[in-house]
Amino acid sequence: MSELPLPIPEADTHCPYCALQCGTRLSGDWEVGVKVLPADFPVNRGRLCQKGWTAPDVLAATDRLTRPLVRRPDGQLVEASWDTALDTVAEGLRRIRAVHGPDAVAVFGGGGLTNEKAYMLGKFARLALGTSQIDYNGRFCMSSAAAAGNAAFGLDRGLPFPVTDLRGAQTVLLAGANIAETMPPLMQHLEQAELIVMDPRRTATAQRAALHLQPAPGTDLALALGLLHIAIVDGLIDQDYIQERTGGFDAAARRAMAWWPERVEEITGVPASAQREAVRMLAEARNAYVLTGRGVEQHSNGTDTVAGFINLALALGLPGRARSGYGCLTGQGNGQGGREHGQKADQLPGYRPITDPAARAHVASVWGVALEDLPGPGRSAYELLDALGSDQGPRGLLVCGSNPVVSAPHSSRVAERLASLDLLVVADFVPSETACMADVVLPVTQWAEEEGTLTNLEGRVLRRRSLLSPPGQVRSDLQVLHDLAVRLGEPASRFPTAPRDVFEELRAASRGGRADYSGISYDRLDAGETLHWPCPDTQEPHPGTPRLFLDGFAHTDGKARFTEVEHRGPAEDISSSYPLYATTGRVLAHYQSGAQSRRVAELNEAVPEPFIEVHPDTAARSGLADQGLARVTSARGSMTARIRLDATMRLDTVFVPFHFPGEGRANLITNPALDPRSRMPEFKVCAVRIDPHQE
């Protein structure tokens, strides 16, 4: 009798890409391959984008890292045993610390790491290395919105309401968000709403809008001030809400009074009539939302710009009201959870400030160390990268889940600093551009090979479940951190390797913090409970908090805060030498630095190379033709790509996607000018010129 075929393995999990974290069901194995189907999960309701459908292809990348690599004296990366690789790393870290001190070693994390990895990475940096020098690439994504949200509401959670609430919206303002390309399944929740899209480009999202506001890059705050001005002067603000639920309105209003519509039109290019129409649509809507994205956040005044849009939402009485509100569209897969559990330079688990004595005492107690053993705050992401290899900066760096050679601003400078290190260690599952520069490369698991949790843009904690066993000699990041910590003299028990055990410790560390996970457990998540933080550990199981602020904001008096803000232009304005603005962004087929999506044939065929989007008249003045090679040059460097003519572009603006390496790197031209509060670089605007490419 023939044997019955074994059942095909299945796992219910989530897409590895953006913060929407669409529900998926995986099936298959290494022999037959892996297939994905969308789940009827609330955020995606049976839909996936092109990246989600092709996500299993990354698992089978032909250049998948499966064995450790160590660089020989002749400069070649060669395969090595795990003991050799880990010993090399530990010896290098010890040597650097002995000569230069603990802050001479650093850690750079990622917004795609699970909660467990992000938590353990922060603990590893501060205890095993004793360094204050840890930050992550999420600093480049949501930090301005986080700073503005904390100031306004006393708490930062991307969406303080479930995504499904948007289905009841009548009007939605999308400020600097192109969700039709970056989060396509989210669009179904906005099908009934009139969209106001604010973007310098006529994006796929703008094409679906009832009203498109097309400001010059770097003028978003002027527009936000103008919209608030109109709301006040035209009597469209909610006076009762402002008096009962907010503070600081008068100072914010005085600033807005200087921004009458015609002045705003002169600076932004947005007609006064369109400004008035936008405010009218929001004010007259029964249910309205203001949502911000990277377009308004990635500026040297990004925190103030987001605050300007929060001010508008508060003046209209939207936040903390059922079926209306303000939210930030968090970008990376675990962009929310990744900024809550300690891999930021200024933060401890539970979204606790690292300078708060009570927070430090709590975390030190959970970790079983003396209070004085916890380092203080370190450098922010770009400042950390910029200091590498300098006299006062780190001499060794561990990179986990990030590709700063492509993703960081002024990327030629970042590559130079990485090359100057005494020791560069990269943990990744593909040979990214950063991994190819490393002295040691450690092969680690990817999404379908690991267990853990992530927190999506609405603050819901989700279970990642494994389908496959890791190939070759691949290890989990948690195992790598454990093995290194032990080699550096830490007790083995201090760095658990099982995700469930790490989460139990995370629960304790987050207890009482802004992002309190203490009432969440694997058992509750695996039982199918829908749990949004804060979810404290109470006598009766806490149901979680899907909707924040309905009964009051997180400040001690329960009120939200208006912020007094004033517009200033970009850190670098156009001139006769650099007469155009360049702005950067994503395209539908690719994700972040492209390290994953460029390895998927279908996605790479859709957009195989970088491009420069430019108005035909602007191109003609520079002697450029459609599909011709051109060079975009800023004060920092040049990138090369083919021209795409687009008659909807502003005459003063060019657009380049940031997913590509080499000479097509958009970040060769971007400006690392930093927001003074969030330390966000100014990715979204820099002054450039454009010329035909000379071979």
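Buried here means under 20% relative accessible area. Keep that cut-off handy for the tour, and remember that the model you have open is predicted.

**Stop 1: helix H18**

Select residues 477–487, which make up helix H18. Colour by burial and you'll find H18 mostly covered, with 8 of its 11 residues buried. Those residues are Asp477, Leu478, Val480, Leu481, His482, Asp483, Leu484 and Ala485.

Now bring up what surrounds them. The buried residues of H18 pack against two helices given here with their ranges, H4 (115–128) and H19 (499–510), and also against H3, S16, S17 and S18. Before leaving, click on Gly489: just after H18, this glycine takes a positive phi of about 100 degrees.

**Stop 2: helix H3**

H3 was among the partners of H18, so to speak the next stop on the route. Select residues 82–100 for helix H3. A quick ruler check works nicely: at 1.5 Å a residue, its 19 residues should span 27 Å, and the end C-alpha atoms are indeed 27 Å apart.

Which residues of H3 are buried? Show Trp82, Ala85, Leu86, Val89, Ala90, Gly92, Leu93 and Ile96 as sticks. Look down the axis and you'll see that they cover an arc of only 160 degrees, which puts them on the same side of H3. Spin round to the face turned away from that buried side, and you meet the exposed residues Arg95, Ala98 and Val99.

For the packing partners of the buried side, select strands S4 (69–71), S6 (105–109), S16 (396–400), S17 (423–428) and S18 (440–443), plus helix H18. Then step just past the end of H3 to Gly101, where phi is positive at about 95 degrees.

**Stop 3: Ala106 in strand S6**

Stay with S6, one of the strands that the buried residues of H3 pack against, and pick Ala106, which is found in this strand. Is Ala106 buried or exposed? With a relative accessible area of 2%, Ala106 is buried.

Leaving aside neighbours within four places in sequence, Ala106 is in contact with Gln133, Leu384, Pro394, Gly396, Leu397 and Leu398. Next, draw a C-alpha to C-alpha distance from Ala106 to Gly393: you should get 9.1 Å, for two residues 287 apart in sequence.

**Stop 4: helices H7 and H9**

Jump to another helix pair. Select 220–233 for H7 and 249–256 for H9. Two packed helices are described by the angle between their axes and the distance between the axes. For this pair, the axes come within 8 Å and cross at roughly 105 degrees. H7 and H9 are therefore roughly perpendicular to each other.

Zoom in on the contact. From H7 come Leu225, Leu228, His229 and Ile232, and they meet Phe249, Ala252, Ala253, Arg255 and Ala256 from H9. By class, this contact has 7 nonpolar, 1 polar and 1 charged residues.

Now keep H9 alone. Its buried residues are Phe249, Ala251, Ala252, Ala253 and Ala256, and they pack against H7, helix H8 (239–245), strand S11 (246–247) and helix H13 (302–315).

**Stop 5: Phe309 and Thr563**

H13 is your next selection, and Phe309 is found in it. At 0% relative accessibility, Phe309 counts as buried. What is Phe309 in contact with, leaving aside neighbours within four places in sequence? Show Leu173, Ala175, Met198, Asp220, Ala224, Val290, Thr292 and Val296. For contrast, try a ruler from the C-alpha atom of Phe309 to that of Arg463: they are separated by 33 Å, and 154 residues apart along the chain.

Then find Thr563, in the loop between strands S21 (560–561) and S22 (580–585). Thr563 is buried too, with a relative accessible area of 17%. Not counting residues up to four places away in sequence, Thr563 touches Ala252, Ala307 and Asn311.

**Stop 6: backbone oddments**

Finish with some torsions. Tyr351 sits in the loop between S14 (347–348) and S15 (352–353). Its phi is near 65 degrees, a positive value in a residue other than glycine, and Tyr351 is buried at 6% relative accessible area.

Gln592, in the loop between S22 and helix H21 (601–606), also has a positive phi, near 45 degrees.

Last, go to Pro534, in the loop between helix H20 (522–526) and S21. Check omega of the peptide bond from Trp533 to Pro534: omega is near 0 degrees, and the bond is cis.

Terms used:
Residues are numbered from 1 along each chain as its sequence is written. This is a predicted model: local features need pLDDT of at least 70, side-chain atom pairs count only at pLDDT 80 or more; totals for chains, interfaces and linings use all residues. Side-chain values use heavy atoms; hydrogens and water are left out. Axes are lines fitted to C-alpha atoms, for helices over the stretch in contact, and angles run from 0 to 180 degrees between N-to-C directions. Helices (H or I, at least four residues) and strands (E, at least two) are DSSP runs, numbered from the N terminus. Angles under 35 degrees count as roughly parallel, over 145 as roughly antiparallel, 65 to 115 as roughly perpendicular and the rest as oblique. Contact means heavy atoms within 4.5 Å. Ala, Val, Leu, Ile, Met, Phe, Trp, Tyr, Cys and Pro count as nonpolar, Asp, Glu, Lys and Arg as charged, and the others, Gly among them, as polar. The expected span of a helix is 1.5 Å times one less than its number of residues. Buried means under 20% relative accessible area, exposed over 50%, partly exposed in between (1.4 Å probe, protein chains only). The arc is that of the directions from the helix axis to the C-beta atoms.
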